[in-house]
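The following note collects comments on the model for a colleague's consideration. The points are numbered so that each can be checked in turn.

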There are 2 protein chains.
Amino acid sequence: MVSATNTVNSGVPPNPAASIQAERAASKFDPKEMHYFLEGGEERAEKFKQMMQQMERDPILSANFQYYDLTKDQQRELTALRIDRLTRYIENESFDDFNKRMSLMGVFDPQLSTRLGINLGLFVSCLKGNGTAEQVKYWAMDKSAVYMRGIYGCFGMTELAHGSNVAGLETTATFDDENDEFIINTPHIGATKWWIGGAAHSATHCSVYARLIVGGQDYGVKTFVVPLRDSNHDTMPGVTVGDIGAKMGRDGIDNGWIQFSNVRIPRYFMLQKFCKVSSEGDVQLPPLEQLSYSALLGGRVMMVLDSFRVSARFSTVALRYAIGRRQFKAGSASDDKNALECQLLDYPLHQRRLLPYLALSYIISASAVKIETTIESTLENLDKAVEADDMGAIMKSIDSMKSLFVDSGSLKSTCTWLAAEVIDQCRQACGGHGYSAYSGFGKAYNDWVVMCTWEGDNNVLAMSVGKQIIKHILGVLDGKKVKGSADFLNNTEQYLNEEPVLRSVDDLKDLKKVLLAIEVAIIRVAYQASQTLKENKGDFDTVGAEMVTLSKLNAHHFMLSEFLDRMDSFESKQLVPYLESVAKLYSATIVLEKFAGDFLAQGVFPPKLNGELNSKHIPELCKEIRPNVIALTDSFQQSDMMINSAIGSYDGNIYENYFGVVKANNPPSKTKAPYSGALEAMLNRPSKEERERFEKSTETAKILSK
Amino acid sequence: MVSATNTVNSGVPPNPAASIQAERAASKFDPKEMHYFLEGGEERAEKFKQMMQQMERDPILSANFQYYDLTKDQQRELTALRIDRLTRYIENESFDDFNKRMSLMGVFDPQLSTRLGINLGLFVSCLKGNGTAEQVKYWAMDKSAVYMRGIYGCFGMTELAHGSNVAGLETTATFDDENDEFIINTPHIGATKWWIGGAAHSATHCSVYARLIVGGQDYGVKTFVVPLRDSNHDTMPGVTVGDIGAKMGRDGIDNGWIQFSNVRIPRYFMLQKFCKVSSEGDVQLPPLEQLSYSALLGGRVMMVLDSFRVSARFSTVALRYAIGRRQFKAGSASDDKNALECQLLDYPLHQRRLLPYLALSYIISASAVKIETTIESTLENLDKAVEADDMGAIMKSIDSMKSLFVDSGSLKSTCTWLAAEVIDQCRQACGGHGYSAYSGFGKAYNDWVVMCTWEGDNNVLAMSVGKQIIKHILGVLDGKKVKGSADFLNNTEQYLNEEPVLRSVDDLKDLKKVLLAIEVAIIRVAYQASQTLKENKGDFDTVGAEMVTLSKLNAHHFMLSEFLDRMDSFESKQLVPYLESVAKLYSATIVLEKFAGDFLAQGVFPPKLNGELNSKHIPELCKEIRPNVIALTDSFQQSDMMINSAIGSYDGNIYENYFGVVKANNPPSKTKAPYSGALEAMLNRPSKEERERFEKSTETAKILSK
């Protein structure tokens with residue numbers, strides 16, 4: 001019997017906490033300072049921390065392990081209660097601060113931030129993007145939609161038969177000049193508004209995307225505010241709403257469907273910042289149809305930030321687990337009977353499975369902040385231009401917006417795909433325990449992956465980005481110049497050869513050279529695609545796969561260069577060596593290894609170097625980063641509440657914590673299932689022969705054959 | 001107003017069924033005959049069909065859409081009721097037939113087949129693998145464990161702190177020679193039996209893996225039958241069981257934890273086929289410790305078959321959807337206002353995203369049957385040898401078992417990973433609707449992915465396979481010969497150069513050459529790994545990533561050669577062209593494209609050919625297969641019940657079916673949420689100022705500042 005402990009033991013229990021604490025004690029840099037780097041500055045970081053503390057202490061908002069046992073109905077209710085609670089915060093802080101709060105909530109309760117974001121991020125953004133200043137003021141401020149008081153908006157874009165092709169939506173808004181009204185109608189099942197978050201039970205209003213029909217002419221899809229429910233929360237006549245029901249994840253959101261049966265709204269409920277219909281039926285069209293989708297831009301940007309935070313969260317869980325968990329005795333140690341088993345993270349394969357995702361989280365952080373500030377300034381400039389009615393400035397803003405559509409589309413698709421991979425791979429790296437709901441992976445994955453198909457399906461977005469790049473290349477070859485983040489394409493002619501850019505392991509360590517290698521890969525892949533395109537008479541659909549590859553490489557180029565910029569400009573130079581290791585590992589694995597086929601086929605590096613990349617460079621980088629893993633994950637400063645994983649707590653006491661959660665949520669005193677009667681009846685059932693009334697027995701056979 | 005239809009429409013609704021039916025009518029081969037090919041013969045296929053019909057008509061067993069709305073507790077209960085129902089079938093058919101039934105149930109209710117498989121596939125297999133003939137007869141037959149009558153077994157292998165390292169388990173079974181008993185004990189929290197399916201509420205007995213301690217000496221992990229519950233279904237004294245709680249998926253299984261506090265069992269409850277302890281405490285050890293894991297082999301084999309069926313199921317859903325769904329007007333058609341939008345599957349990228357998975361499903365089918373028959377004969381031979389007490393034959397069987405561990409490990413890990421990818425990618429290809437629970441992807445994915453970490457974690461399995469291959473290569477270089485499915489390694493010296501194996505698109509079309517290319521890739525990757533290994537003093541952990549790659553390539557080699565063999569031996573030669581297209585697409589995408597980095601780095605094909613593979617060969621194959629997609633998916637012959645997807649039915653009436661399911665499961669007549677009161681109270685709350693009792697108003701300020 002071993003010495004006294006918290007339970008009676010006859011052997012020595014594992015002590016994962018000791019491993020983690022020992023590594024924490026040996027940290028070589030200050031995680032707090034690193035945290036400032038990750039969050040883009042001390043002020044911002046401290047703000048986040050204060051908010052987190054408020055939410056940790058709030059009994060309604062605070063995350064907990066019961067969350068993982070909630071049914072769909074319970075999730076829906078909890079989400080509503082949390083929204084109610086959050087309205088009190090938004091009434092007392094700036095919108096900017098509230099957005100920060102949402103970004104944090106998005107880590108541990110993404111369905112909550114989405115359900116709220118439907119009103120704040122989509123409905124209100126749609127008003128701002130498409131409505132006049134007066135319309136915005138009326139619904140958002142005077143009628144308090146921004147505070148979810150009186151009005152709760154939803155976003156009526158997608159239909160049952162139309163998602164990505166917004167221009168093909170079939171709901172109609174027919175102008176009735178006699179009554180100065182629009183008639184909103186769902187012509188058939190395919191045009192049923194579908195997936196509309198908040199429609200099933202919450203929303204009072206909907207910003208409806210519908211075809212403007214005036215005098216029998218179809219002017220394409222425009223936006224209209226349509227009340228769904230009155231102030232008694234009863235649906236308006238002609239409005240049918242229903243619940244979409246169960247989903248793969250985010251069951252806390254009441255996604256719904258809506259059918260309009262000739263619902264009348266006043267003419268001035270059309271959002272008319274760019275597009276106007278006079279009472280006589282004169283139509284003024286917007287300068288760019290896509291302007292009406294600007295409501296989606298904010299969401300895309302948020303998703304890049306979310307990708308950073310969710311990758312950080314689950315890298316932390318899997319890495320803490322990999323440090324605490326031991327399995328098999330390694331190498332020579334196996335001779336010693338009392339030797340501890342090997343920490344998972346000391347296996348080179350395990351390092352290789354997880355450390356790239358830690359590195360990726362670091363890399364995304366810089367771009368997330370960058371793209372956030374870019375969208376803010378772009379939309380602000382556009383609004384100013386519209387207010388001043390300055391057509392030149394409007395067109396310039398539209399140009400910036402187009403390039404923002406490209407960059408944000410490339411980052412949104414690439415980062416959300418990668419973050420899904422991070423959650424999945426980190427789960428697998430935790431073995432069986434990753435499959436427990438209480439480790440947090442399952443719900444997070446299910447909640448996350450919708451990111452890959454919504455608000456711009458990743459493939460559709462990526463293709464539109466790739467298409468731009470190919471067009472740019474064709475332009476450059478025609479003597480045109482590219483401006484903005486893709487200006488390296490101007491060097492196309494210089495790199496259209498088979499010269500390798502990376503020739504040695506030393507080159508792999510040179511981040512500027514790696515950045516150049518990505519540029520050259522983009523140039524060569526795009527050039528090759530442009531040749532295929534010519535063979536196929538300019539049909540871009542035939543280079544779909546290449547366009548997706550280009551979009552991904554473009555995102556990596558953006559992210560790596562942003563990271564290097566931030567690293568250069570960050571004051572504390574002590575952190576640089578650690579940041580450099582991280583950037584090198586990201587480049588070597590998430591970029592070079594993942595796209596090795598393309599890099600090799602395009603001759604960006606030679607086959608021999610691929611061998612060294614795999615057998616030497618990556619393992620060495622992993623080894624270099626290994627001792628700093630606890631400090632690097634602690635630097636995310638995600639508290640236990642935010643991480644909300646039974647196997648990923650700060651203290652590293654994996655088994656006790658996990659067992660504690662399991663017992664708290666499933667009291668072992670209930671030894672029988674509620675349906676135990678059925679099970680016991682099965683086990684204690686009479687024999688088959690008896691249940692067959694012995695009709696098939698030899699005795700019966702004798703009787704019957706007489 | 002358009003002509004009369006089933007609902008009142010003011011526009012023409014989409015008609016996805018028409019597209020699917022038109023393509024079905026144009027089928028160029030008989031899906032029934034193809035079905036025989038896929039299932040390995042007419043007899044087997046017809047058997048499956050009869051069983052499916054029985055289950056379709058059985059009110060308890062039949063799949064339905066309510067399934068996707070069940071809470072965890074409801075899933076648990078339904079699973080128990082279905083098991084109860086299935087016991088009636090197993091009493092009336094051969095075990096072989098019942099296994100076929102399980103393989104079908106595994107497609108639409110995997111938690112059911114697993115929960116049953118815990119008793120039949122693990123507990124009973126453990127008895128058979130480790131018990132004497134008398135022990136097997138006693139528990140399995142006389143006490144009716146095989147019928148789940150009286151006894152329901154669970155499989156007590158993994159512990160909280162030990163999964164993959166079975167030899168490191170810490171539960172003890174100490175021999176007490178005075179009482180001729182073993183004392184089963186859980187020494188500390190880490191040794192708590194964990195993840196034990198059926199333990200929480202169902203099992204009466206457990207086959208416990210515990211360290212055999214005799215006379216103070218530790219003989220390693222052996223197996224023991226330990227009763228958990230008496231015939232009243234109350235837990236035995238000293239036995240504590242608990243519920244593991246919520247999981248990422250498979251919530252219908254009552255996984256549990258077990259702690260033994262000095263529980264006594266008679267000596268003859270030790271399973272003693274290979275290992276014996278006499279009443280005097282003399283220990284006879286087994287000839288191979290791994291023999292005790294043979295219980296896991298059956299499960300691995302089943303997982304390959306499951307990979308086939310689940311890939312078939314979701315390829316079918318996504319492809320039917322891609323044929324029925326239309327989005328954007330393609331190319332020149334866009335000028336015509338009345339032109340239908342383009343079918344998703346007519347986009348080259350969409351073909352490229354989905355058709356490889358269709359091809360993969362075809363390829364897996366052959367190997368699934370092959371590996372199933374191999375394990376049956378291997379275990380049979382071993383049993384005969386043991387019965388005859390023929391040590392030579394036992395050792396020979398052990399050799400076959402070792403090679404079966406390799407092949408099954410390679411296939412299990414590769415196929416379960418790929419099937420997870422299939423479900424995920426097929427879901428994404430259905431856009432938003434793939435995220436609806438009623439499309440079936442969500443639950444299927446969540447249920448599936450545990451396959452990648454359980455019963456041999458995929459990475460651990462893959463490493464053990466890769467290790468064997470590297471060892472083989474080292475052996476061959478030392479002049480030894482390899483026997484069995486990896487005998488191509490004997491050609492190592494011939495291919496250790498930089499000569500390409502595939503040089504042209506014609507070579508890519510030659511499946512024998514592709515097979516050779518895989519062999520050469522394996523040889524060169526293994527050789528390179530062996531060199532790295534030497535540099536690292538023979539520490540295999542340093543080539544972990546390479547070992548995983550080798551295992552995957554090995555599985556693809558196995559699968560492609562099995563498929564080619566079956567194609568050669570199948571009587572109907574009419575099918576050959578279609579099967580060849582499928583095999584070529586699989587090779588080009590799932591093998592060559594996915595491992596392009598390795599193939600290029602090893603010079604198995606040159607960079608130029610990679611360009612042609614991507615821009616020419618793969619798109620052409622996709623085009624070739626495109627017209628046969630409905631026939632190829634119909635050939636899986638999975639009925640609507642088995643597919644159980646609101647967007648993947650046979651009739652292709654996607655929107656009507658889907659809307660119908662949504663409305664049936666979520667009646668729109670309930671217009672308010674149960675928690676609507678809270679929402680309405682939020683919306684109708686008094687203003688912030690009023691709620692603050694006007695304490696912060698300027699009026700109050702005046703009063704207070706007096």
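1. The expected span of a helix is 1.5 Å times one less than its number of residues. The model discussed here is predicted, and helix H10 of chain B, residues 391-429, may be tested against that rule. Its 39 residues should span 57 Å, and the end C-alpha atoms lie 55 Å apart, which agrees.

2. Is H10(B) mostly covered or mostly uncovered? Of the 39 residues of H10(B), 28 are buried, so the helix is mostly covered, where buried means under 20% relative accessible area.

3. The two ends of H10(B) merit separate inspection. At the N-terminal end, B:Asp390 acts as a cap, with a side-chain oxygen 3.1 Å from the backbone nitrogen of B:Gly392. Following the helix is B:Gly431, which has a positive phi, near 55 degrees.

4. In chain A, an open sheet is formed by 3 strands in the order S4-S8-S7, with antiparallel pairing. S4 and S7 (239-243) are the edge strands, each pairing on one side only. From one strand to the next, the twist averages 20 degrees. As background, strands of a sheet pair through backbone hydrogen bonds, either parallel or antiparallel.

5. The pairing of S4(A) with S8(A), residues 256-260, consists of 2 bridges, and these strands run antiparallel. A:Ile196 has A:Gly256 of S8(A) as its bridge partner.

6. A:Lys193 belongs to strand S4 of chain A, which covers residues 193-196. Is this lysine buried or exposed? A:Lys193 counts as buried because its relative accessibility is 0%. Its side chain reaches the backbone oxygen of A:Met157 at 2.9 Å.

7. The surroundings of A:Lys193 may be examined next. Beyond its neighbours within four places in sequence, its contacts include A:Gly156, A:Met157, A:Thr158 and A:Glu159. Also among them are A:Leu169, A:Thr171, A:Val208 and A:Tyr209. Residues of S8(A) are represented too, including A:Gly256 and A:Phe260.

8. How are the two chains related? Chain B is superposed on chain A by a rotation of 180 degrees with 0.0 Å of shift along the axis, at an RMSD of 0.0 Å. That is the relation of a two-fold axis. Which residue of chain B comes closest to the rotation axis? It is B:Gly597, whose C-alpha lies at 2.1 Å.

9. The interface may be read alongside this symmetry. The copies meet through the same surface, because 100% of the interface residues of chain B are also interface residues in chain A.

Note on methods: Residues numbered from 1 in each chain as written. Chains lettered and ligands numbered in written order. Predicted model: local features only at pLDDT ≥ 70, side-chain atom pairs only at ≥ 80, totals over all residues. Heavy atoms only, no water. Helix = DSSP H or I, 4+ residues; strand = E, 2+ residues; numbered from the N terminus. Buried < 20%, exposed > 50% of the residue type's maximum accessible area, 1.4 Å probe, protein only. Polar contact = N/O pair within 3.5 Å; in protein donor to acceptor, adjacent residues only side chain to side chain. Contact = heavy atoms within 4.5 Å. Least-squares fit on C-alpha atoms with pLDDT ≥ 70 in both. Pairing = 2+ DSSP bridges. Axes fitted to C-alpha atoms, helices over the stretch in contact; angles between N-to-C directions.
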